[in-house]
Amino acid sequence: MSPALSDSLVALPPLLQAHLLLSGSAVAIGAVIGLALAIASARSAAVRRPALALAGLVQTVPALALLALFYPALLILGRASGLAIPALGFLPALLALSLYALLPILRNGVAALQGIDPGIIEAADGIGMTAGQRLRLVELPLGAPVILAGIRTASVWTIGAATLATTVGQPSLGDLIFSGLQTENWVRVLVGCGAAAALALAADGLLALVESGLAQRSRGRIAAGLAILVAGIALAFAPGPRADGGEIVTIGAKNFSEQYILASLIERRLHAAGYRTQRRDNLGSTVAYRALAAGDIDVYVDYSGTLWANILGRSDTPDAAAMRRTLARALERRDHVRILGSLGFENAYAFAMRRGRADALGIASLDDLARAAPRLALAADLEFLTRPEWRAVQSAYRLDFGSQRSYSPTFMYRAIADGSADVISAFSSDGRIAALDLVTLADPRHALPSYDALLLVAPRRAGDRRFTDALAPLIGSIPVDRMRAANYMVDRDTGKSTPDAAAAWLDRGRAP
């Protein structure tokens with residue numbers, strides 16, 4: 001078995017269980033709320049019109065945006081109420097997916113109840129049934145096949161959309177898909193997609209079995225379908241294998257290879273100190289910091305320039321040491337976040353071009369680039385074009401490209417390699433700069449700040465001596481050439497390593 005497949009299969013069971021728990025809970029909540037609304041809507045147009053309109057409106061919001069919107073909403077709610085409301089992980093994902101499951105259940109429920117022959121309703125009323133008896137003994141049994149069809153549709157949608165929950169820190173099969181895309185580990189992507197598809201087909205098939213049992217009045221089919229569904233739900237709630245003892249620490253990571261490697265490296269150090277760990281990967285820059293400040297994650301690596309521009313909103317560019325000192329004081333004072341120290345390397349934003357293209361156009365600096373930019377195509381990572389650094393560079397050099405697009409980091413490098421882009425917003429510790437023979441352009445006006453890799457710990461861990469001592473050996477221990485080599489182990493086309501393997505290699509060669 002290939003290492004990539006073995007690694008994916010080892011990660012699969014807990015992610016499948018988390019995915020099943022999240023999507024099953026969301027469909028259950030959607031079914032309870034949707035059926036209650038459907039019953040009320042079938043009896044009153046005043047309820048039906050706004051309920052269907054609201055459910056339809058929610059469905060027009062992309063699932064990823066709906067997940068992202070619940071994060072700030074819960075943060076604001078927590079601050080306003082003073083309650084410890086988790087803004088990251090299961091809760092925002094559950095709320096978003098429950099809303100997403102609502103429309104097909106509500107719409108089918110209304111259609112089922114309104115589609116019953118009025119003569120049957122009159123007969124039920126004629127023999128003296130109460131409204132509750134009529135609903136329980138006549139309307140719901142007759143409408144069950146149509147209602148179940150709505151639940152089947154909601155289940156398939158929700159299981160698919162739950163893969164996006166990884167972006168708000170909730171483990172799901174999306175962890176395999178997103179990390180596989182970033183590291184071009186297609187085995188990992190296929191395992192994640194295959195497991196999600198199999199789960200959706202299984203849920204749809206079991207609900208179809210129940211639906212056919214209702215239509216054919218077959219108790220055996222109904223019992224078999226429900227029994228397997230209940231067993232699946234019980235499996236989702238079953239506790240996973242637990243390591244003996246130890247406190248659980250949550251490690252955050254953004255959505256590119258270097259962050260996966262560093263998160264694995266932190267995980268190794270904490271395991272050695274006796275901690276149990278869990279991961280929250282694929283977070284955006286601001287989400288990761290807010291999650292740390294709120295205590296939703298305990299530790300992660302960020303970059304000084306990112307914190308300077310995005311968190312402090314600063315646009316000046318002091319030297320690296322002055323920036324670190326100011327950041328340490330400001331983050332401690334404002335959010336009680338502690339910067340444990342620099343890992344020893346910088347991962348700066350840098351504009352890069354293919355060497356031949358840059359030589360042909362006579363471009364060596366951002367001043368040169370500004371003159372040629374209207375004839376060139378820029379490819380940036382997903383965040384860069386919305387970040388203050390981009391506005392600072394545009395202001396300093398008046399850059400105006402002929403076209404500009406955003407890509408995930410992996411595909412951004414693919415774009416410049418195949419000629420789809422002339423310039424990219426590269427990362428200076430990325431091994432693909434040398435591998436693709438790219439040149440980075442000088443920044444003579446110092447528009448871009450420094451980007452030292454900093455180890456940040458949450459307020460509740462800041463004074464935990466055992467915790468900080470476990471991570472202290474990482475401070476100043478990773479030179480940039482070593483980090484580039486580790487990144488390239490994961491990002492190269494052939495002979496790829498997993499982030500865990502690259503972290504192990506990095507750990508063995510840490511500077512003393």
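**Exercises on a predicted model**

The open sheet treated in the first exercise has 5 strands in the order β7-β6-β8-β5-β9, with mixed pairing. The model is predicted.

**Exercise 1. Edges and twist of the sheet**

Task: State which strands are the edge strands of this sheet, and by how many degrees neighbouring strands are turned against each other on average.

Solution:
- Step 1. Read the ends of the strand order, which runs β7-β6-β8-β5-β9.
- Step 2. β7 (403-407) and β9 (438-440) each pair on one side only, and these are the edge strands.
- Step 3. Neighbouring strands of the sheet are turned by 35 degrees against each other on average, direction ignored.

**Exercise 2. Strand β6 and its partner**

Task: Describe how β6 is joined to β7, and decide whether the residues of β6 are buried or exposed.

Solution:
- Step 1. Strand β6 covers residues 377-381 and runs parallel to β7, with 5 bridges between them.
- Step 2. Find bridge partners in β7: alanine 377 is matched with serine 403, and leucine 378 with glutamine 404.
- Step 3. Apply the cut-off, by which buried means under 20% relative accessible area. 5 of the 5 residues of β6 are buried, so the strand is largely enclosed by the rest of the structure.
- Step 4. Sort the residues by face. In a regular strand the side chains alternate between the two faces of the sheet. In β6, Ala377, Ala379 and Asp381 lie on one side, with Leu378 and Ala380 on the other, and all are buried. Both faces of β6 are therefore covered.

**Exercise 3. Strands β1 and β2**

Task: Give the sense in which β1 and β2 pair, and say how many residues of β2 are buried.

Solution:
- Step 1. Strand β1 (residues 248-254) pairs with β2 in the parallel sense, over 6 bridges.
- Step 2. As one example of the register, glutamine 278 in β2 stands opposite threonine 250.
- Step 3. β2 spans residues 276-283 and is mostly covered, with 7 of its 8 residues buried.

**Exercise 4. The annotated membrane spans**

Task: Using the UniProt record, find what helix content the model has in residues 20-40 and in residues 142-166.

Solution:
- Step 1. The unreviewed UniProt entry places "transmembrane region" features at several spans, including 20-40 and 142-166. The UniProt entry, unreviewed, also places "domain: ABC transmembrane type-1" at residues 16-212.
- Step 2. Residues 20-40 are 100% helix and 0% strand, with end C-alpha atoms 30 Å apart.
- Step 3. Residues 142-166 are 80% helix and 0% strand, and the end C-alpha atoms lie 39 Å apart.
- Step 4. For the span 16-212, the model gives 84% helix and 0% strand, with 27 Å between the end C-alpha atoms.

**Exercise 5. A nonpolar patch**

Task: Name the residues that make the nonpolar surface patch of about 250 Å², and explain why valine 32 counts as exposed.

Solution:
- Step 1. The patch is made by Ile29, Val32 and Ile33.
- Step 2. Valine 32 belongs to helix α1, residues 3-43.
- Step 3. Exposed means over 50% relative accessible area. Valine 32 has 59% relative accessibility and therefore counts as exposed.

**Exercise 6. Two further helices**

Task: Classify leucine 361 by accessibility, and list the buried residues of helix α17.

Solution:
- Step 1. Leucine 361 is in helix α14 (residues 355-361).
- Step 2. Leucine 361 has a relative accessible area of 28% and is partly exposed.
- Step 3. The C-alpha atom of leucine 361 is separated by 71 Å from that of glycine 213, 148 residues apart along the chain.
- Step 4. In helix α17 (residues 409-417), Pro409, Thr410, Met412, Tyr413, Ala415 and Ile416 are buried.
- Step 5. Glycine 419 follows α17 and has a positive phi, near 85 degrees.

Terms used. Residues are numbered from 1 along each chain as its sequence is written. This is a predicted model: local features need pLDDT of at least 70, side-chain atom pairs count only at pLDDT 80 or more; totals for chains, interfaces and linings use all residues. Side-chain values use heavy atoms; hydrogens and water are left out. UniProt positions are given in the numbering used here, feature names are shortened, and annotations may be inferred rather than shown by experiment. Helices (H or I, at least four residues) and strands (E, at least two) are DSSP runs, numbered from the N terminus. Patches are made of residues with over 30% relative accessible area and no salt bridge: like charges are joined within 9 Å, nonpolar side chains (Val, Leu, Ile, Met, Phe, Trp, Tyr) within 5 Å. Accessible areas come from the Shrake-Rupley method with a 1.4 Å probe; for residues, only the protein chains shown count as cover. A salt bridge is a side-chain nitrogen of Lys or Arg within 4 Å of a carboxyl oxygen of Asp or Glu. Buried means under 20% relative accessible area, exposed over 50%, partly exposed in between (1.4 Å probe, protein chains only). Two strands pair if DSSP finds at least two bridges between them. Axes are lines fitted to C-alpha atoms, for helices over the stretch in contact, and angles run from 0 to 180 degrees between N-to-C directions.
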